[in-house]
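Work through the exercises below with the sequence and the 3D structure in view. Try each task before reading its solution.

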Amino acid sequence: MEMNQKKHVLMLGVRIVLVFLAAFSILVFTVYVVFSKNFQSMLTDYTMQLIGSMVDQGVISVENELNSSKEALEDFAGSFEVPSDIEQIEFPKNFNASNMLRLVYVSESGTVSSDGRELDVRERQDIRKAYTGESCLYGPYFNEEKEYVMCYSAPVYKNGRVAGVLSMEKDGYYFSNLIKNLTYANTGESYIINAEGTDIAVSNQDHISWVNDCYNARLVLREGEEAEVRSVMELEEKGLSGESGVGTYYWDDGLCYLAYAPIPSVHWVLLAGIREEELISMMKSTFITSLAEGPILQMCLIVFFIMMSLISYWIISSAKKNAAIHQKLNIIANYDTLTGTKNRNSYHTAIDTFDGQSYHSFGCIYTDVNGLHEINNRLGHQAGDLMLETVADKLVEAFQKGEVYRIGGDEFVVLCQDMEKQDVYDYINQVRQDLMLKGYEISIGVEWRDKEIDIKSMVTLAEKAMQRDKEHFYKENGKERQMRTLNQAIEQMVLEKQDADTFLSVLSPEFKGVYFVDLASDTIRHLFIPSYFEEMLKESGDKFSKAMVLYAERIVKPEFRKDFIEFCDYQNLEIQLNSSSSTEYSYQRMDGSWLTLRILKFKNYKPQTQETLWIFEVNDNENTM
C-alpha cells in the first residue's frame, strides 16, 4: 500500500514536470520571436538618444536661467540711481528675482547689501570685471559665510562712467533643482561641472555631497590613478572641449552610459547617465509590453489555462491525502511523540492564549521527574522513557479537565481552568502517591489563584516551588543515593575488569567525588557523585568542563576561584600531565572546609582518549558535604 502511494506521488510529479517543461518551451520560443538579436542594442541606442535630447533640454533650461537673471540685473543696473553717499542707498523692494539671496552694490568706497551683510567683495573676480563695463557671472561657490551662491554682476553708470557694480547673489543649489527631473523613467541621474571640472549641481539629493565637497575628477587623479575616475573624466573633458555625445564608463563594477553637452555661455557641461542594469530593467518592461500587444500572448494564455486546469485537477485529486499528511505534521509539531501530551510549542501558544482570557480561578502545576538521569545511566533510556510515560499517564488521568504539557526532558506543566483549590492539591497528591507505588518520585510546585490571575507569573512561582521541593527531596535522599551509586560504580568496574586495585590504592576514605574524565571528548564516567554536582552536570548538558565552572562559582571561595578554574582548564592539564603522571590543587570551599583535587593519568590516557581520574579529597577532618 505504501509503495503504491509512493509510485502515485512520483507519477504525479513526473506529469507536473512534463507540463511545465512544455510551458517553458513555448515561453522560450516566444522570447526568441519577440526578443531578436538586435533588440537590446536598438533599445539602448534609442534610450540614449532620448537621454541626449533631455540633456539638450536641460542645457536650454540652464541657459535660460543664466541669461534671464543676467538680463534682469542689467536692466535694473541701467536704472539704478547712485547717491553721493552709498550708505544712503535704498534697494527697491519690488525687485525680487527667484531664489535671490540679496542685492549688493559695490563701489571703490565700500560695499552695501540689501540684507545688511558687511562682507567686502570688491576684489571678487566678477566685480573687477564688471568695473571694465562688462556684465559677467561668477560661481556657484561657497562664500565666506559658507553659503553656496551664484553671482550675477553688472556695471552701474553715472555721468557716463562706471560708478560701481550691482551684484545679485542667488541660491547656487537652484541649478540642482533645475536638473532634478532630468532622469529617464525615474532612473539614472544628471550633474553639472564647471570649467575646472568641479561638480556644481546634481539631480539626486542623495549625492549633494559631491557639490558640498567640491568633487573634482582631475584632483582625484592627481592623488593617484583610478581607472573608473579616469573613464568618467575623459567624457567630462570632451564636454568641456565643446563636444556633445554619448559614451560609456565603468563605475562600481558596472557599465554606465553617459550623455554630455556643453553649456556654452559659462563653459559648463551637463551630463546625464544611466547604469546598464537599469536599461536591462526597462528592456524587460518593454518586452512585456511587446507581448501584450501581439497575438502570441493570447495563444500562450490559452495554453497556460489548459495546463493550469490539468494541474488543478491533479492537485484537487490529491488534496485529501495532503490534508492527512498535514494533520500528522500538526501532531508532530504540537504533541510529544513519547508521552502523547502536548509539547513545548503548544505550551507557549497556550500561555499566550490563556493570558488574554478571564477565569473564576486558575491553577498551575509544575512537576519534575526525580532520578531520570540516574535511571538512564543505570538501566538505559528505555527504562527512562517508561518512567516518563508513566508520569504523563498519571497526570492526564488525574487532570482530565486540565491541559498537560511536557516542556522539557523531565518537566511537565499542568494548566487548570476553573478548578477548586482543594481539588488541584488532591489530584496532584494522588498522582504522587500512585507514582511512589511504582517506585518513581516527582517534585511538585503549585500556584492557584482566584483573583489577580497572571498566567506567566503563576508558572514562574510554581516552578520556584517545584525547585524548593526538589532541593528538599535531594537533601533527604541524597546520601543514600550517593552510596548506592558508588557501590554500583565500583561493582561495574570489577565486572568490566577495570584497574580496581589502582583506584582503591589512591582512594581516600574521605572523598567528595570520584570521576573518570576524557579530556578529548569532555565526557565523564563517575564512581561517586554528590547530588549537588549531579545537578550542575545536568544543568551544563553533561559537559564536565562547564560543570566545573559552575562548581567554582557556587562552591569554591572567591579567593581560590580563579586559580581553581585555571587548574581545571584542559589545555593546562595536558601540559602538566605531559610532564607528570599526576597533579593536584588544594582549595577552600564556601563552607570553610578544605579539599584537595588530585588528577591522575588513567591507563587509557593517549592523544585520542585522554582519560584521567579526578579525586576530590578532604585534607582535614571535615566530613560534611
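A residue is called buried under 20% relative accessible area, exposed over 50%, and partly exposed in between (1.4 Å probe, protein chains only). The model is a predicted one: local features need pLDDT of at least 70, side-chain atom pairs count only at pLDDT 80 or more, and totals for chains, interfaces and linings use all residues. Residues are numbered from 1 along each chain as its sequence is written, and side-chain values use heavy atoms, with hydrogens and water left out.

**Exercise 1. Overall counts**

Task: State how many helices and strands the protein has, and what share of its residues is buried.

Solution. Step 1: helices (H or I, at least four residues) and strands (E, at least two) are DSSP runs, numbered from the N terminus. Counted in this way, there are 20 helices and 19 strands. Step 2: of the 625 residues in the protein, 43% are buried. Step 3: accessible areas come from the Shrake-Rupley method with a 1.4 Å probe, and for residues only the protein chains shown count as cover. The accessible surface of the protein is about 34700 Å², and 52% of this belongs to carbon and sulfur atoms.

**Exercise 2. A salt bridge and its surroundings**

Task: Find the salt bridge partner of Lys-538 and decide for Lys-538 whether it is buried, partly exposed or exposed.

Solution. Step 1: a salt bridge is a side-chain nitrogen of Lys or Arg within 4 Å of a carboxyl oxygen of Asp or Glu. Lys-538 forms one with Asp-410, with the closest N and O atoms 2.3 Å apart. Step 2: Lys-538 lies in helix 17 and Asp-410 in the loop between strand 12 (403-406) and strand 13 (411-417), so the pair ties together parts that are 128 residues apart in sequence. Step 3: Lys-538 has 35% relative accessibility and therefore counts as partly exposed. Asp-410 has 8% and therefore counts as buried. Step 4: in helix 17 (residues 531-539), Ser-531, Phe-533, Glu-534, Met-536 and Leu-537 are buried. Just after helix 17 comes Gly-541, with a positive phi of about 70°.

**Exercise 3. Two more salt bridges**

Task: Compare the burial of the pair Asp-120 and Arg-122 with that of the pair Arg-124 and Asp-126.

Solution. Step 1: the structure holds 22 salt bridges. One of them joins the side chains of Asp-120 and Arg-122 (2.7 Å, N to O). Asp-120 is partly exposed at 45% relative accessibility, and Arg-122 is partly exposed at 25%. Step 2: the side chains of Arg-124 and Asp-126 also meet in a salt bridge (2.7 Å, N to O). Both Arg-124 and Asp-126 are buried.

**Exercise 4. An open sheet**

Task: Give the strand order of the five-stranded open sheet and say which strands stand at its edges.

Solution. Step 1: two strands pair if DSSP finds at least two bridges between them. The order in this sheet is 16-15-19-18-17, and the pairing is antiparallel. Step 2: strand 16 (523-528) and strand 17 (582-588) each have a single partner strand, so one side of each is left without a neighbour in the sheet. Step 3: strand 19 pairs over seven bridges with strand 15 (residues 511-518) and over seven bridges with strand 18. Glu-611 is the bridge partner of Asp-518, and Thr-612 stands opposite Lys-601. Step 4: eight of the eight residues of strand 19 are buried, so strand 19 is largely enclosed by the rest of the structure. Glu-611, Leu-613, Ile-615 and Glu-617 point one way, while Thr-612, Trp-614, Phe-616 and Val-618 point the other way.

**Exercise 5. A loop residue beside the sheet**

Task: Locate Gln-610 and list its contacts outside its sequence neighbourhood.

Solution. Step 1: Gln-610 is in the loop between strand 18 (594-601) and strand 19 (611-618). Step 2: contact means heavy atoms within 4.5 Å. With neighbours within four places in sequence left aside, Gln-610 is in contact with Val-517, Asp-518, Leu-519, Ala-520, Glu-574 and Tyr-605. Step 3: Gln-610 has 10% relative accessibility and therefore counts as buried.

**Exercise 6. Backbone angles**

Task: Where is His-267, and what is its phi?

Solution. Step 1: most residues other than glycine have a negative phi, and most peptide bonds are trans. Step 2: His-267 is in the loop between strand 9 (254-263) and strand 10 (268-275). Its phi is near 60°, a positive value in a residue other than glycine. Step 3: a cis peptide bond joins Gly-139 and Pro-140, with omega about -5°.
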